[in-house]
Amino acid sequence: MMICYNESERTFKLDTPNTSYMLGIVDEEGFIGHIYYGRRLKDADAAYLMRTQEPPFVPGKNNRERCSFYDCFPFEYPTGGLGDYRESCLEIRTKDGHAGAMLTYVSHEIFKGKPALEGLPATFGTEEECMTLRLVCEDKYVGMRAELLYTVFNDTDVITRSVKITNVGQQHFYLTKVYSACIDMDNNDFDMISLHGSWARERRIQRKTLGYGIQNVSSFRGESSHQDHPFLALLRKNTSQESGEVYAMNFVYSGNFRAQAEVSQFDQVRMSMGIHPQNFCWKLEAGESFQAPEAVMTYTDKGLDAMTAAFHKLYKRHLIRGEYKDKKRPILINNWEATYFEFNTEKLLSIAREASKLGIEMLVMDDGWFGRRNSDNCALGDWKVNEEKLNGGLKYLVDEVNKLGMKFGIWFEPEMISPDSDLYRAHPDWAIAIPGRTATESRQQYVLDLSRKGVVDYVYEAVAGILRSANIEYVKWDMNRQLTDLGSYGLPADRQGELYHRYVLAVYELQGRLVKEFPYLLLENCSGGGARFDPGMLYFSPQIWCSDDTDAIERLAIQEGTALIYPLSTMGAHVSDCPNHTVGRVTPFETRGIVALAGTFGYELDVTRIPEEDRKQIPEQVAMYHKYNDLVREGDYYRIASYSQNRQFDCWQVVNEDKSQALVTYVQVLNRPNFKSKRILLKGLDADKRYRVCFANGDAVPEPVVYSGDTLMKAGLMIPNPWGDFQARLIVLTAEG
Ligand code: DGJ
């Protein structure tokens with residue numbers, strides 16, 4: 001890892017273990033251009049890639065074609081309004097109503113370590129682990145300074161970027177767009193991968209050809225969303241899981257975003273990522289700054305597996321924090337699918353009693369314990385325990401659960417307010433709404449205006465007060481609707497465009513305060529399933545509920561898309577009852593367990609009422625979790641096959657650091673008649689080690705056999721054709737000697 005500046009060439013070179021990134025300064029005006037991002041370079045003599053020695057040249061040599069220069073120069077941080085007609089990263093409106101900006105070089109600083117970003121989640125590292133370049137540029141006409149921050153890490157091929165804009169002039173101006181990262185490169189006939197979905201089918205992988213013009217994925221729903229994901233990868237046509245070039249970006253942010261690729265008239269690609277400009281307008285008074293969130297970039301020539309490995313390593317080591325960062329999580333049982341709103345103390349205790357006998361370690365009480373919340377129509381905001389339901393009170397329930405040797409967890413939806421709630425009756429102006437217009441309900445609720453300090457303080461005290469009242473060791477923080485009717489009673493007219501971002505900042509502030517006051521709390525974020533599963537939330541909670549769809553087969557695609565970027569340790573995954581509540585499918589209990597083992601693992605069913613043959617399997621699943629969770633959480637993850645692509649089976653693998661143990665999960669979806677066993681090529685093993693291969697479950701379990709890592713990776717392993725649909729196999733490989 002290294003960052004250096006070549007004074008005579010006026011170039012910067014940033015090196016990660018296997019990649020180099022270069023940018024340079026040209027012309028006496030000091031335009032900053034992107035030079036190179038790719039395999040690690042030995043030398044730093046690639047400035048010619050900016051093509052300033054050919055027409056239209058730089059304005060200092062050919063000012064008559066300044067506009068042409070602006071429209072083809074590979075800007076490191078492009079600005080709009082003066083002649084670069086491609087997507088810009090920064091747009092402004094001055095006090096006089098003018099757009100147009102140009103940032104040119106002022107100074108730079110290179111230092112060890114990585115500064116935190118004020119008010120925002122961001123990756124971190126020590127002075128030994130990372131190095132940062134701060135590049136300062138200015139638009140003197142506007143009185144605007146931009147600080148571009150780049151950090152490289154010594155243990156993963158990732159570069160993080162962020163931008164801070166400061167008003168260094170006398171007049172206020174408005175930021176109408178501030179992206180966080182951009183790369184201008186030559187078009188290499190790319191494909192584009194993005195993640196799409198909806199409620200109950202989050203993060204499905206889509207790969208398509210990148211064409212001319214603009215292609216983007218985005219959210220302006222106020223959260224990162226079920227629908228699109230703040231991630232984009234460009235890859236060469238021949239790129240597969242195992243080989244080929246990939247450029248990828250991911251956003252450490254939980255609100256509106258746009259991730260975009262644009263192929264220009266000159267066959268250049270501009271890839272960019274940042275806060276979605278729709279409805280964004282931030283006023284900067286003289287002396288004020290705006291900090292844009294962090295974007296993470298990675299490049300590899302070793303295929304999608306290597307891209308995934310880079311993200312996983314970064315997030316495991318340099319983003320997730322707290323007590324549970326590297327720890328096994330308690331196996332929980334959540335009462336949502338078990339009871340929905342129909343529960344009381346006795347019902348919860350009956351579930352806990354049975355669960356504790358089976359080895360389950362924590363009871364989580366979901367929605368419905370407060371106010372008059374007996375359905376999802378009312379009472380959000382009234383965070384007072386409903387003692388008609390919880391007879392004896394919350395502390396009594398928690399103590400009783402603790403006496404069973406189990407931990408206790410609780411659900412909140414702190415960001416919301418029901419129109420039918422005492423809170424709304426007292427403070428109708430606390431909801432986000434456009435004055436005079438009837439606000440749009442969603443799940444019969446409104447969103448609290450978290451841009452107001454009084455509202456934030458109320459929310460914090462409501463949650464913290466409950467947590468202080470009993471021994472609560474886990475919180476599920478839910479958010480069940482997206483933002484509409486953007487209006488705040490607390491903001492002046494010319495700051496209404498700040499509401500979306502201020503909302504996200506307040507969510508971060510709330511969660512930051514919570515994990516500070518309750519450092520041992522296990523926080524699990526959730527948003528109607530997995531609508532806010534992003535690196536921003538992972539900074540506060542080491543796990544996020546992946547999807548409300550708990551069907552084992554639907555989960556294959558959801559978990560595949562999620563694991564493309566995020567470590568398995570972050571994916572909330574539960575075994576639920578059948579017929580599945582979302583799709584009505586019936587799958588073997590064993591398969592549900594094996595699929596959930598790839599995530600945090602837990603249960604979401606009424607353990608007192610499920611079939612006896614299912615209940616009997618729980619102690620065995622619990623034992624499997626304890627045996628293999630270290631490997632799942634800490635190991636390197638590899639995608640072997642995708643049911644979404646082959647429509648037959650899904651297969652993934654984890655391998656521990658010294659390659660002495662691996663776990664392969666194989667799920668056959670629909671059985672096909674008259675087929676032979678399936679041969680799969682394993683990955684990530686030590687070619688020189690010999691592995692004992694043992695099928696941990698299944699009716700036709702062959703005797704353990706021993707093969708070399710080399711054979712298993714090149715020639716493959718045979719999986720006997722399982723009998724029946726929806727069958728899963730767990731295969732354990734242990735190195736001999
Ligand atoms: C949506 C969550 O994803 C569910 O797990 C559950 O907590 C409900 N909300 C409760 O309203």
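Which of the 13 residues around the ligand come nearest? In this predicted model, the residues that come nearest are Asp 366, Asp 367, Lys 476, Asp 478 and Asp 548. Sorted by class, the shell around the ligand is made up of six charged, four nonpolar and three polar residues.

Individual side chains can be placed against particular ligand atoms. Asp 367 has a polar side-chain atom 2.7 Å from an oxygen atom of the ligand, and for Lys 476 a distance of 2.7 Å likewise separates an N or O atom of the side chain from a ligand oxygen atom. In the case of Asn 480, a polar side-chain atom lies 3.3 Å from a nitrogen atom of the ligand. Of the 290 Å² of accessible area that the ligand has on its own, 98% is covered by the protein.

Strand 15, which spans residues 246–252, is mostly covered, with seven of its seven residues buried. Burial extends to both faces of this strand: Val 246, Ala 248, Asn 250 and Val 252 are buried on one side, and Tyr 247, Met 249 and Phe 251 are buried on the other.

Strand 15 pairs with strand 14 (residues 231–236) in the antiparallel sense, over five bridges, and within this pairing Met 249 of strand 15 stands opposite Leu 232. Strand 15 also runs antiparallel to strand 20 (residues 294–300), to which seven bridges join it; here Tyr 247 has Tyr 299 of strand 20 as its bridge partner. Met 249 and Tyr 247, the strand 15 residues named in these two pairings, are listed together on one buried side of the strand.

Conventions. Residues are numbered from 1 along each chain as its sequence is written. This is a predicted model: local features need pLDDT of at least 70, side-chain atom pairs count only at pLDDT 80 or more; totals for chains, interfaces and linings use all residues. Side-chain values use heavy atoms; hydrogens and water are left out. A residue is near a molecule or strand if one of its heavy atoms lies within 4 Å of it. A polar contact is a pair of N or O atoms within 3.5 Å; within protein, one must be able to donate a hydrogen and the other to accept it, and residues adjacent in sequence count only if both atoms are side-chain atoms. Accessible areas come from the Shrake-Rupley method with a 1.4 Å probe; for residues, only the protein chains shown count as cover. Ala, Val, Leu, Ile, Met, Phe, Trp, Tyr, Cys and Pro count as nonpolar, Asp, Glu, Lys and Arg as charged, and the others, Gly among them, as polar. Buried means under 20% relative accessible area, exposed over 50%, partly exposed in between (1.4 Å probe, protein chains only). Helices (H or I, at least four residues) and strands (E, at least two) are DSSP runs, numbered from the N terminus. Two strands pair if DSSP finds at least two bridges between them.
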